[in-house]
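Please open the structure in your viewer and keep the selection tool at hand, since this tour moves from one selection to the next.

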Amino acid sequence: MKQEGKKRIWSDYQKEIADDKFYFVRSCIRQTFFPGSDTTYLKILRDVLDKDVYENPDHTTCTGIGYHTEVVPFETIQTVVARNYALMREKGYENYNPSCVTSFGIYTEILETWHHFPEEKQKTRDYLKKATGREFEEPANLAHTSDVLFKFRNEIAAKAKYKLVNKETGKPLKVVDHIGCHYAKMFPNKGVGGAEYPQVLAGLVEAFGGEVIDYPERRHCCGFGFRQYFVQANRGYSISASKKKFESMAPFKPDFIITNCPGCNYFMDRWQYALAEMEHKTYGENGFGIPVLTYEEVAGMVLGFDPWEMGMQMHQTDVEPLLKKIGVEYDPSKKFKGANGEDLPLPEKPNHIKFEV
């Protein structure tokens, strides 16, 4: 009986994820931080999985950061989202596929609002018609890009060149999975596994041969939390939240961190540098930090994609110790080469955390 109860509860936190014909929407902030991740996602879906993915150059930001910082009114963001839905249907697609976790949360929140308050949906229709002459329909399927890679994790694993295994010891790598707050904490039934036991990244890690670490602050915020950072006076709270997580995971000696949120990836990567400079403390092995990878980078890495073409040199916490640990073949001399082979400016080496230049 208890087992049946567990199965029923687990079934409440599964979600439908489309098989094909995705309308892909980029993350606005990640184009600055880790621009190779979205490109890697498109390469995996088109070239490895043979899926139909359409990207519309006319789509805009969801304005989620402005909404969460109380700059963009709810009526405005509903109309912006409705316009993006209208663009999708005009191109003949119905499976909306955003790569930003905050955008995923915004799209989910607005669909839920329209479900419970249909007068808001009608008001948005009127605003969109008046502003653009367009009409919109809701997507048939809404899935975050990490949901899609989770769905096809076994197909990717079957074509992988590497496993998340230490080439010297043969043991699975220890991996911290960090889920963005806007993925399932607001609407638990919209994420794979819900908010308490999300499987969207853990499933990827396990399919690729790694071992997921459970640690006390596993569900704690990365430290971004918009008001914690955008309000300058609050930035001490941002870095202290990140430090709390690093202190909690460090005793378990993780080989790397995988995230599904652009902000989480950025802050867990950058704050390790800041903490090293402030407190002369590092959380990885031999004076390095703990590498922080996007889920696309992890999938591309096991598939054998060139780490520099994926932009992994954009991380401030060095990824090379991880590449060496797995045995990934790469050319160190191309780490800071441009797309046409030109030399890029070398980053300044930090004083208290190792970074190979």
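The tour below visits two sheets, several helices, two loop residues and a pocket, in that order or close to it.

Before selecting anything, keep in mind that this is a predicted model.

**First stop: a sheet of four strands**

Begin by selecting β1, β2, β3 and β4, and you will find an open sheet in which the 4 strands follow the order β2-β1-β3-β4, with parallel pairing. Which strands stand at the edges of this sheet? They are β2, at residues 53-55, and β4, at residues 141-142; each has a single partner strand, so one side of each is left without a neighbour in the sheet.

Now narrow the selection to β1 and β2, which run parallel and are joined by 3 bridges. Within this pair, look for Phe 24, which stands opposite Glu 55 in β2. Add helix α3, residues 36-48, and you will see that this helix packs on the sheet, where it touches β1, β2 and β3, while its direction makes about 145° with that of β2.

**Second stop: helix α5**

Select residues 74-90 next, which make up helix α5. How far apart are the end C-alpha atoms of this helix? They are 24 Å apart, and this agrees with the span of 24 Å that its 17 residues should have at 1.5 Å a residue.

Show the side chains of α5 as well, and pick out its buried residues, among them Ile 77, Val 80, Val 81, Tyr 85, Leu 87 and Met 88. The buried residues of α5 pack against two strands of the sheet you have just left, β1 (22-25) and β3 (95-98), and also against the helices α4 (64-68), α6 (101-116) and α7 (118-132). Following the chain beyond α5, stop at Gly 92, whose phi is positive, near 85°.

**Third stop: two loop residues**

Select Thr 63, which is placed in the loop between β2 and α4. Its phi is near 70°, a positive value in a residue other than glycine. Is Thr 63 buried or exposed? With a relative accessible area of 18%, Thr 63 counts as buried, because the cut-off for that word is under 20%.

Then select His 280, in the loop between α14 (262-279) and β8 (292-294). Here too a residue other than glycine has a positive phi, near 60°, but His 280 is exposed, with a relative accessible area of 54%.

**Fourth stop: another open sheet**

Select β5, β6, β7 and β8, an open sheet of 4 strands with the order β6-β5-β7-β8 and parallel pairing. At its edges stand β6, residues 211-212, and β8, each with a single partner strand, so one side of each is left without a neighbour in the sheet. Strand β5, residues 174-178, pairs with β6 in the parallel sense over 2 bridges, and the bridge partner of Lys 174 in β6 is Glu 211.

Add two helices to this view. Helix α14 lies across β5, β7 (256-259) and β8, and runs at about 160° to β8, whereas helix α15, residues 295-303, lies across β7 and β8 and runs at about 85° to β8.

**Last stop: the largest pocket**

Finally, select Gly 311, Gln 313, Met 314, Phe 336 and Leu 344, which lie nearest the centre of the largest pocket among the 26 residues that line it. This pocket holds about 600 Å³ of space. Keep α14 in view, since this helix gives the most to the lining of the largest pocket, with 3 residues.

Terms used:
Residues are numbered from 1 along each chain as its sequence is written. This is a predicted model: local features need pLDDT of at least 70, side-chain atom pairs count only at pLDDT 80 or more; totals for chains, interfaces and linings use all residues. Side-chain values use heavy atoms; hydrogens and water are left out. The expected span of a helix is 1.5 Å times one less than its number of residues. Buried means under 20% relative accessible area, exposed over 50%, partly exposed in between (1.4 Å probe, protein chains only). Contact means heavy atoms within 4.5 Å. Two strands pair if DSSP finds at least two bridges between them. Axes are lines fitted to C-alpha atoms, for helices over the stretch in contact, and angles run from 0 to 180 degrees between N-to-C directions. On a 1 Å grid over the protein atoms alone, a cavity is a set of points where a 1.4 Å probe fits but cannot get out, and a pocket is an open set with protein on both sides within 12 Å along at least five of seven lines; lining residues have an atom within 4 Å of a point. Grid points are joined across faces, edges and corners, and a volume is the space filled by probe spheres set on the points.
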